[in-house]
Amino acid sequence: MNASPLGYLNAAGTRAHSILPLTWFMLLVSIVVCLVIGILLWLGIQRRKVRGAEDLVRVPLTHDGNGVQWIRVGLIVSAVPLSVALVWTMFVLAAVAGPPVHPALVLDVTARQWWWDVRYNGNGPANSFQTANEIHIPVGQPVLVRLHAADVIHSFWVPKLTGKTDVIPGQVNQSWFEADSPGRYLGQCSEYCGYQHAHMQFEVVADTPQDFAAWTAAQLKPAQGPTTEQQTRGLALVQFRCGLCHQIRGTDAGAVMGPDLTHLMSRRTLGAGTLANNAGNLAGWVEAPQELKPGSQMPNQYLSAAELQDALAYLETLK
Amino acid sequence: MSEVVIAVPKDMPVGPIRRHGIGWWGAGTLIASEAALFSYLLFSYFYLGATNDRGWLLEPSPSLKLALPNTLLLLASSAVAWFGEQGILERRRGRALFGFGLAFLMGLVFAGVQLLEWHAKSYGLGTSSYASIYFVTTGFHLGHVVVGLFILAAIFLWTALDYFSPRRRLVVSAGVLYWHFVDAVWLFVFATYYLSPYLGFGR
Amino acid sequence: MKAADFRTPRVGIDSVEHQGKLYRHWERPEGVWGFLGSVDHKEIGIRYIVTAFVFLALGGLEALVMRMQLAGPNRTLLTPEQYDQLFSTHGMTMIFLYASPILSGFSNYLWPLLLGSRDMAFPRLNALSYWIYLASGLFLYAGFLTGNGPNDGWFNYVPYASKAFNPGLNEDFYALGMVFLGISVTVGAANFIVTAFRTRAPGMSIDRMPILIWGTLTASVANLVVIPAVSLAFFLLWMDRQFGTHFFDTAGGGQALLWQHLFWIFGHPWVYAIVLPAMGMVSDGLPVFCRRPLASYSLVALSTVATMILGFGVWVHHMFATGLPGLGLAFFSGASIAITIPSAVAVFAWLATIWLGRPVITTAFLFFASMIILFVIGGVSGFMTASVPVDWQLTDTYFVVAHLHYVLIGINVFPVAGAVYFWFPKMTGRMLDERLGRWNFWIMFAGFNIAFLPMHLTGLLGMPRRVYTYNDYPGWHALNLLTSVGSVIFALGILLLFINVAKSLKGKATAGANPWDAPTLEWSLPSPPPPYNFAVIPTVASRHPLWEGRLDESSKRSSLDRGLLLDQGKETIATSALDAGPDMILEMPQDSVAPLVLALGLSGLFVGLLLKSWTLTALGGVVLTVALFMWLWPRRDLREREAEAAHV
């Protein structure tokens, strides 16, 4: 059960942790209530059930008691877990609702149909960079995410780290979380947002401080230039075709309609969690995204085999 | 010993007598639902106003030049319609016809002035959310005024055909009640759109 | 002859001659016009029920197609676009075209019979309500069948529903169709309210009404005041889409959340509106098979009303993740937890009824009794989502899908199936087959739980709702396959219900007036009841007129055989609102095609709006106005005007 990457009955971060005991309490209360009522119902039926009564009129009527005692006892017994749940809810709410006062990292995440644009706004433009669908954070430190919607309503959710916060046009909501241990945590859009709501995932990667610093430094760099002739041809093609929507820092591709591709190959998936990012999938994705993620904003490219090989040769340098 | 209970009513009204009849309840439920509709419209106005920044009001000080006299006119028409209803009650058909007829004309003038007021606005339906909610709310109200005018016209016609007496007149009373409702709702619309900015809402 | 303004109605007993008179006044003409003009609540009720079951079948087929797509990971039976329209249409169908109308149907059929009346307060309005329901249902399905079904879920959040992101006709069909349907629900609600308060038999004071009356009455009061919220929301959406207004788009100063507020102000009370009458069916039906009165009647009636009052104050619990301030969340969280209390009252009252009674196991009993446990399962999962921090994880996953299906199937479909077994003999004079009934119940019960109990776990494993496909994460495939298998079994169970009905309709009418030895007024009538229902208007002295002699709770006895004859026209009686004292003789309207014409005019108007054909819109408007005029024209036979000119 714990293996499901979106399961939330086990947590890997402070915020998700503080919700868990309450969740378990309510879940267990719920199961016990169902069992108790189920047993009472079964016993009640079995206890005095009238067998073989074809004709109800032959079963004499009774009117012993009016059952007020049942309701009184039932309500008193129910009131206990209800009150506990209510008070507990308020405490947990107070503990997790407010964002951290001194977050170690503040990110701006923009949800789009159907991917996540992630901006690290460091101190000044020189320290800022942009990536997509993969959020790296330092482990053990509170991270604040400001959520922007570019088109429709989405919802930001990393089950192992934090519950959902809707991403709504016209308002900037905030989510925050803290990862206990290094690892990869799956995130998923959880408000229906159109055709590819299913394939609108992202990953939060909790790094050790060293790894995080290294990753940040790598991300800050522009793309490295082509080194082979094929890569050079590929760059020209990519700038011309992909550059209409995508940005590759250090090249002429500078549009921001689609995910930033500067360090495409450093990411683990393609199409916001649609496919694993490997050479074969990348080729398929570039050529015919509409087959793999129907309705996605990226059109099929109809490249010749040679063009595709050139483009891939270049794209694979974007580490 | 058991005793069989049986209702033996004496001298019961047959069909609606005066305002007494299930049609009156029907009119009441209709009006309750319509009142709810307007409360949601006004909720939308206040919600949009409260969640927008300053400058949301396209007219921070709405002109009362036309709206105030028009409001008074509509209120007066309510009194006139009531006067007509009294005519039925007192078996004075001429007075009833005068009341319903005049109330109809006053309502017509109100609608005309409302159209003039729309025409004079510097903004249109699609200018901003303020403009949209302004036109849709006043438009909904205007729609109700038109329905009310149809009702007044019908009552006028039926009175002219001498259908009603002080006893058989539920249709008249329900129709006039609807007209009172249309006028009362306008007070809320007017207070919201024309007066609340002066009290500071949205400014 | 000058009709009398006042009359002392004759009291007497039923006779052949008397029945002949009543038949002349009440029986509708044969033939197409008679059919189209009928205002008989029993006929309208059955039309509602049949139509709603057709929509149930359609919604069920949609669900089965979706379950085939979801039976395994990464299946490609459906494109995302097809899946989106299917799940949206499924929700729209089940929630708006099945769950509410089926209860309106039963209430329409049963209310006057339960109340000791000869019809609803406004019979023509009743017919109108049905015709609009039918027309708007066809309107909405015309969209779906032309590939323009709703595609943004039943709650249709903006801005995805706005033109910029949804340029097709899909959302126009949905928006206009919902405004259209809203008219039906509103006039129906008004009719129920007035009927409950004004047309009960003499002596049926408010504390003697069957719980079904309480349920539908409460739901109707709610509908009357919340339907305008959703109609307005859909109208504003349509304005945004077609006339460039800015209610919901941020660029023009609109607010996406305004939609959610307007929708859920309606949406949450609506959820109670589509379960409270069904809970009423259980409260009235279950005791019959426990051979005793319902335990704690007053508390159950009170809890029905209390549920709705609290229900008005919890709409924000659908919006816990929208970034609202903490204090507001705490309030709505508390209210949502508190609403468990009245539900618990009903559950313990039912349990007490079983424990203190002598249960006789029939199919109807099984459906009613099983509803208790399904209600509890749906209730506790609701309790979990009421806690804001827990809801932040649960919401928009399959946990919520499981929850809402336990609520809607558990508290609506199961009681309704029970109601079919219970009241079918009254409606047709024919019993349903009990043996087939057992199969029907157990297959439905097993299929339902196989499909939806594991779905809670699917949700806890993180599967988001409204995804057209999913990756093969551990556990997801097996659970989804189980749900798909369960859904097929459940569908077979529903099919058995239909088969049982079809089979019985071919059989003989041998049920008799009161096959279950039940206590309420409808069982004092022949099955099926004559067009006028009650040959004499009964006087009611207790909650259980047919059990009085045996329960002997008081010395007072209801008078069922002897009562007001009211045979001088199409007449029934109005009583006072609370204690049901005789108040006036009501002249009931004759059959009329005006409601149908009005509904056709409205259809023209809405189709015109959809196509932006102002000619058609205006034409529909004219037909509508003329029909309304003819309808409201004061009539002598209804005593709406003087019998002759007041001034001769």
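## Two helices of chain C

Helix 9 of chain C and helix 12 of chain C are roughly parallel to each other, because angles under 35 degrees count as roughly parallel and theirs is about 15 degrees. The model in which they appear is predicted. Helix 9 of chain C covers residues 276-290, helix 12 of chain C covers residues 340-356, and their axes lie 9 Å apart. The crossing in which helix 9 of chain C passes helix 12 of chain C is left-handed.

On the side of helix 9 of chain C, the residues that meet the other helix are C:Met279, C:Val282, C:Leu286, C:Pro287 and C:Cys290. Helix 12 of chain C contributes C:Ala346, C:Trp350, C:Thr353 and C:Ile354. Sorted by character, the residues of this contact between helix 9 of chain C and helix 12 of chain C are eight nonpolar and one polar, with no charged residue.

## Where chain C touches chain B

The contact between these two chains draws 62 residues from chain C and 55 residues from chain B. On the side of chain C that touches chain B, at least two residues each come from strand 1 (6-7), helix 6 (170-198), helix 7 (211-243), helix 8 (256-273), strand 4 (556-557), strand 5 (559-564) and strand 7 (582-587) of chain C. Helix 7 of chain C gives the largest share of that side, with eight residues. By character, the residues of the side of chain C that touches chain B are 34 nonpolar, 17 polar and eleven charged.

Strand pairing also links the two chains: strand 2 of chain B (residues 12-13) and strand 1 of chain C are antiparallel and paired over two bridges. Within this pairing, B:Pro13 has C:Phe6, in strand 1 of chain C, as its bridge partner.

## Strand 10 of chain A

Strand 10 of chain A spans residues 201-207, and six of its seven residues are buried, so the strand is largely enclosed by the rest of the structure. For a residue to count as buried, 20 or more other C-beta atoms must lie within 10 Å of its own.

Strand 10 of chain A has pairings with strand 4 of chain A and with strand 9 of chain A. Strand 4 of chain A (residues 134-138) runs parallel to strand 10 of chain A and is joined to it by five bridges. A:Ile135 has its bridge partner in strand 10 of chain A, namely A:Val204. Strand 9 of chain A (residues 183-188) runs antiparallel to strand 10 of chain A, with six bridges joining the two. There, A:Gly183 is bridged to A:Ala206 of strand 10 of chain A.

How values were computed. Residues numbered from 1 in each chain as written. Chains lettered and ligands numbered in written order. Predicted model: local features only at pLDDT ≥ 70, side-chain atom pairs only at ≥ 80, totals over all residues. Buried ≥ 20, exposed ≤ 12 C-beta atoms within 10 Å, placed from the backbone. Helix = DSSP H or I, 4+ residues; strand = E, 2+ residues; numbered from the N terminus. Pairing = 2+ DSSP bridges. Axes fitted to C-alpha atoms, helices over the stretch in contact; angles between N-to-C directions. Parallel < 35°, antiparallel > 145°, perpendicular 65-115°, else oblique. Left-handed = near helix turned anticlockwise from the far one by under 90°. Contact = placed C-beta atoms within 7 Å. Nonpolar A, V, L, I, M, F, W, Y, C, P; charged D, E, K, R; others polar.
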